[in-house]
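Visitor: Please pick one part of this model and take me through it closely. Then show me how it ties in with the rest.

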Amino acid sequence: MGSYVEKARENHVKKKVEEALRSKMKAKALMECDQFVSKYAQCATGRTFSVVWTCRKQAKELNTCLHQFTNDNVLEEMKREYMLQEEGKVSASAI
């Protein structure tokens, strides 16, 4: 049980920081998946309800791409990197 608690503390960040990291993660995902965003937007242009079935393939491709960059593992890695940066700032200011 000790390792679970240690891991939880290691990746614990404030709510505001986590929200900022999530926002950064989503922005990066949209940038990385830009070609799929464009395809979906092109398909959806001028459609209303029919977009659901007409653009199903493009939506699936977009969601698959986005999921690569927006999942719990990616967020945990970003939290870990943030905590390491913060620790570096603290130890540098202590010198």
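Guide: Start with helix H5, where the buried residues (under 20% relative accessible area, 1.4 Å probe, protein chains only) are Leu62, Cys65 and Leu66. Viewed down the axis of H5, these buried residues fall within an arc of 100°, so they line one face of the helix. The arc is taken from the directions that run from the helix axis to the C-beta atoms.

A word on the numbers. This is a predicted model: local features need pLDDT of at least 70, side-chain atom pairs count only at pLDDT 80 or more, and totals for chains, interfaces and linings use all residues. Residues are numbered from 1 along each chain as its sequence is written, and side-chain values use heavy atoms, with hydrogens and water left out.

Now the other side of H5. There Arg56, Lys57, Lys60, Asn63, His67 and Gln68 are exposed (over 50% relative accessible area; values in between are partly exposed). Take Lys57, which sits in helix H5, residues 56-69. Lys57 counts as exposed because its relative accessibility is 59%. Its C-alpha atom is 9.9 Å from that of Cys43, and the two residues are 14 apart along the chain.

Helices are DSSP runs of H or I with at least four residues; strands are runs of E with at least two; both are numbered from the N terminus. The length of H5 fits. Its 14 residues should span 20 Å at 1.5 Å a residue, and the end C-alpha atoms are 21 Å apart, which agrees. The expected span is 1.5 Å times one less than the number of residues.

What covers the buried residues of H5? H2 and H3 are included in that cover. A contact here means heavy atoms within 4.5 Å.

H5 also carries a covalent link. Cys65 is joined to Cys33 by a disulfide, with the sulfurs 2.0 Å apart (a disulfide is a pair of cysteine sulfur atoms within 2.5 Å). This pair links distant parts of the chain: Cys65 is in helix H5, Cys33 is in the loop between H2 and helix H3 (34-44), and they are 32 residues apart. The torsion about their S-S bond is about -90°, so this disulfide is left-handed. Cys33 and Cys65 are buried.

By the same sulfur rule, the count comes to two disulfides. The other joins Cys43 to Cys55, S to S 1.9 Å. Cys43 lies in helix H3 and Cys55 in the loop between helix H4 (51-54) and H5, so the pair ties together parts twelve residues apart in sequence. Its S-S torsion is about -95°, so the disulfide of Cys43 and Cys55 is left-handed. Both of these cysteines are buried. With the bonded cysteines numbered in sequence order, the pairing reads 1-4, 2-3.

Next, H2, part of the cover over H5. H2 has 18 residues and reaches 26 Å from its first C-alpha to its last, close to the 26 Å expected at 1.5 Å a residue. Its buried residues are Val17, Glu18, Leu21, Met25 and Ala29. They cover an arc of only 110° around the axis, which puts them on the same side of H2. On the other side, Lys16, Lys24, Lys26 and Met31 are exposed.

Now the cores. A nonpolar core is a set of buried Ala, Val, Leu, Ile, Met, Phe, Trp, Tyr and Cys residues joined through side-chain atoms within 4.5 Å. The largest has seven residues: Val13, Val17, Leu21, Met25, Leu75, Met78 and Met83. Helix H2 (15-32) and helix H6 (72-94) each supply at least two residues of this core. Apart from it lies another core of six residues, including Ala29, Leu62, Cys65 and Leu66. The buried residues of H5 named at the start are among its members.

Val13, in the largest core, contacts Glu18, Lys79, Tyr82 and Met83, leaving aside its neighbours within four places in sequence. Lys79 is found in helix H6. With a relative accessible area of 8%, Lys79 is buried. Its side chain makes a polar contact of 3.4 Å with that of Glu18. Such a contact is a pair of N or O atoms within 3.5 Å; within protein, one must be able to donate a hydrogen and the other to accept it, and residues adjacent in sequence count only if both atoms are side-chain atoms.

Last, the whole chain. It has six helices and zero strands. Of its 95 residues, 21% count as buried.
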